[in-house]
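Me: I have a structure to read and would like to go through it feature by feature. Please give the general idea each time, then the case at hand.

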Amino acid sequence: MLTLIRGAGDIASGIALRLHRAGFAVVMTEIEHPTTIRRTVAFSDAVINGEQTVEDVTALRAETWEEAILYLEKDCIPVLVDPDCACRAQLLPDALVDAILAKRNLGTAIDFAPIVVGVGPGFTAGVDCRAVVETMRGHTLGRAIYEGSALPNTNVPGLIGGFAGERVLRAPADGVFQGTRRIGDRVEAGDTVGFVAGEPMKATIAGVLRGLLADGVTVRRGMKSGDVDPRGEKSYCDLVSDKALAVAGGVLEAILHFSSKNTES
């Protein structure tokens, strides 16, 4: 079964990883300049570096849909720079998953594929997709929703190690981001981890730098640009998160749910 995933950030990559391991053929699309924070567990870095390995799975940047097909035959995940997802007209996927996580629908329609799944807020099952998967941490995280929508965005990051909003690092100004530290570095509160337009972006808590924008990304003041994990476990930087795997499980359920129904009919 061929599944096309819009977005290649850390949540989308957790979905791709789980589907790939379950035997699905997976193609992903991204923008030319990804704004992913948790880059060590995101296939979006294939856009920048040409390839990216997350855990035991490798993604390769594909320039055309034909090249994407060739990479599938190599048991890799192709990533296309295709923000409008135009490649679906040639690939004709069995399922399409919108995992851009823009908190709103950026153009996905229920007729884009036989099975369309929306991830997070901004989608309504039965209107612009067949199912929605919850992304809000809590009792319903990862649940496949077949009627209605996911919980609305609160703009409050999930609690990790006793910290929520404090662990998120935000751009101090409008401009181009330039990092001074690397993902996996240990930091203390007050440490500078990057600059924007000469203004320092500082860690607000101690821990391990779990996420950081790529150098050269254009940001706006207040934009999420880094993430400190207060648990201090460096190995977590290279592991897909519990949240990503939970969401991936909901996507897998939804695809198999409708796949079995389509087979019966």
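Me: How many bridges join strand β17 to β19, and do they run parallel or antiparallel?

Reply: Helices (H or I, at least four residues) and strands (E, at least two) are DSSP runs, numbered from the N terminus. Two strands pair if DSSP finds at least two bridges between them. Here four bridges join β17, residues 207-212, to β19, and the two strands run antiparallel. Within that pairing, Leu209 stands opposite Val228 in β19.

Me: Before going on, what kind of model is this?

Reply: It is a predicted model, in which local features need pLDDT of at least 70 and side-chain atom pairs count only at pLDDT 80 or more, while totals for chains, interfaces and linings use all residues. Residues are numbered from 1 along each chain as its sequence is written, and side-chain values use heavy atoms, with hydrogens and water left out.

Me: Which sheet holds β17 and β19, and in what order do its strands come?

Reply: A sheet is read by listing its strands from one edge to the other. This one is an open sheet of four strands with antiparallel pairing, in the order β12-β19-β17-β14. The edges are β12 and β14; each has a single partner strand, so one side of each is left without a neighbour in the sheet.

Me: How many bridges hold the edge strands β12 and β14?

Reply: β12 is joined to β19 by three bridges, running antiparallel, and there Val168 stands opposite Asp227 in β19. At the other edge, β14 is joined to β17 by two bridges, also antiparallel. Arg186 stands opposite Val208 in β17.

Me: How many of the residues of β19 are buried?

Reply: Burial is read from relative accessible area: buried means under 20%, exposed over 50%, and partly exposed in between, with a 1.4 Å probe and protein chains only. Strand β19, residues 224-229, is mostly covered, with five of its six residues buried.

Me: What is the order of the strands in the sheet of nine?

Reply: That open sheet has mixed pairing and runs β3-β4-β5-β2-β1-β6-β7-β9-β10. β3 (51-54) and β10 (144-145) stand at its edges, each with a single partner strand, so one side of each is left without a neighbour in the sheet. Inside the order, β1 (residues 2-6) and β2 (residues 25-30) run parallel and are joined by five bridges. Leu4 has Val27 as its bridge partner in β2.

Me: Now the loops. Where does Arg181 lie, and which residues does it touch?

Reply: A contact means heavy atoms within 4.5 Å. Arg181 is in the loop between β13 (175-179) and β14 (186-187). Leaving aside residues up to four places away in sequence, Arg181 touches Arg186, Val187, Asp191, Thr192, Val193, Leu209 and Leu212. Arg181 is partly exposed, at a relative accessible area of 26%.

Me: How far apart in sequence and in space are Glu166 and Ile205?

Reply: Separation along the chain and separation in space are read as two numbers. Glu166 and Ile205 are 39 residues apart in sequence and 6.7 Å apart in space, C-alpha to C-alpha. Glu166 lies in the loop between β11 (148-149) and β12 (168-170). Not counting residues up to four places away in sequence, Glu166 touches Thr204 and Ile205. With 40% relative accessibility, Glu166 counts as partly exposed.

Me: Which sign does phi have in Cys85 and in Lys103?

Reply: Phi is a backbone angle, and its sign is read residue by residue. Cys85 has a positive phi of about 60° although it is not a glycine. In Lys103, phi is near 70°, again a positive value in a residue other than glycine.

Me: Where do these two lie, and is each buried or partly exposed?

Reply: Cys85 sits in the loop between β5 (77-81) and α4 (88-91) and is buried, with a relative accessible area of 0%. Lys103 is in the loop between β6 (95-98) and β7 (115-119) and counts as partly exposed, at 42% relative accessibility.

Me: Finally, how many helices and strands does the whole chain have?

Reply: The protein chain has five helices and 19 strands. Of its 265 residues, 49% count as buried. Along its principal axes, the C-alpha trace spans about 60 × 40 × 30 Å.
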